[in-house]
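Q: Could you give me a close look at one part of this model, the strand pairing? I'd like it in plain terms, with whatever sits around it.

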Amino acid sequence: MGRRRAEEFLELLGGKGFAEPNPRPMFPNPPGLLRLEPHSGGLRDRIWWGAASNATAVWAAKLGMNLQSSTLKFDETGEPFHIQQAAQIRAFQMAWTQAGHARTPRISVSRSIFPLIDNRDRAYFGRGGQEEDKIGFLDEATRAIFGRGYTAEPDVLIEELRKDEAIAAADTLLLTVPNQLGVAYNVHIMEAILTTVAPALSWR
């Protein structure tokens, strides 16, 4: 049902008429069914789809949607999370090319990254516990893999993140932050990433 609704949604964003006009409009209507207004010609290219499986990523590519792959994915091969996610990205890119879309798609992945800069960081995140992928079940038949978090001193983080194949394959990295710790602390985390980690990895 979700996929069917998504396909209808994309058609409407493209300008397809769907609404019966008021028989007594205040202002004259164009002939035929009415489209969504205000219409944005480029909005159709800015739609993202979150995919938890390779098959869903391929489906999204065929429809011309950008790919958002988060910190959870169906465990389809038993390999580490970042390797499976990189394979998902490659499947998306191949399907995109085969579909013949003219533009370059956007691809994002999500990560939890916490540089240990001061004693607050060490108190909140210095005890570890996120350094390995985790396996769980979404239902009786769906085995999922949850991607690890990255928590370490900046020089260690840089080397660990350099090995993440999915981050390397994506064009956008979304950072998950602990909003319960407040705005000021999250600004501190972002500044630490931008100043101690991002330059070494050529992130911009």
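A: Two strands count as paired here if DSSP finds at least two bridges between them. Keep in mind that this is a predicted model. With that cut-off in hand, take β1 and β2 (residues 66-69): three bridges link them, and they run in the parallel sense, so the pair qualifies under the two-bridge rule. If you want one spot to zoom in on, go to G50, whose bridge partner in β2 is Q68.

Now zoom out a bit. That pair belongs to an open sheet of four strands, ordered β1-β2-β4-β9, with parallel pairing. The edges are β1 (48-50) and β9 (172-175), each of which pairs on one side only. Going from one strand to the next, the twist averages 25°. Helix α3 (residues 81-99) packs on this sheet and touches both β2 and β4 (107-111). The direction of α3 makes about 165° with that of β4.

Back to the edge strand β9, which spans 172-175: L175 is in contact with M190, and so is V177, leaving aside the neighbours of M190 within four places in sequence. M190 itself is found in helix α7 (residues 183-197). Is M190 buried or exposed? Neither, quite: M190 counts as partly exposed because its relative accessibility is 32%, and that label covers the range between under 20% (buried) and over 50% (exposed). For a sense of scale, M190 and R5 lie 36 Å apart in space, C-alpha to C-alpha, and 185 residues apart in sequence.

Key:
Residues are numbered from 1 along each chain as its sequence is written. This is a predicted model: local features need pLDDT of at least 70, side-chain atom pairs count only at pLDDT 80 or more; totals for chains, interfaces and linings use all residues. Side-chain values use heavy atoms; hydrogens and water are left out. Helices (H or I, at least four residues) and strands (E, at least two) are DSSP runs, numbered from the N terminus. Buried means under 20% relative accessible area, exposed over 50%, partly exposed in between (1.4 Å probe, protein chains only). Contact means heavy atoms within 4.5 Å. Axes are lines fitted to C-alpha atoms, for helices over the stretch in contact, and angles run from 0 to 180 degrees between N-to-C directions.
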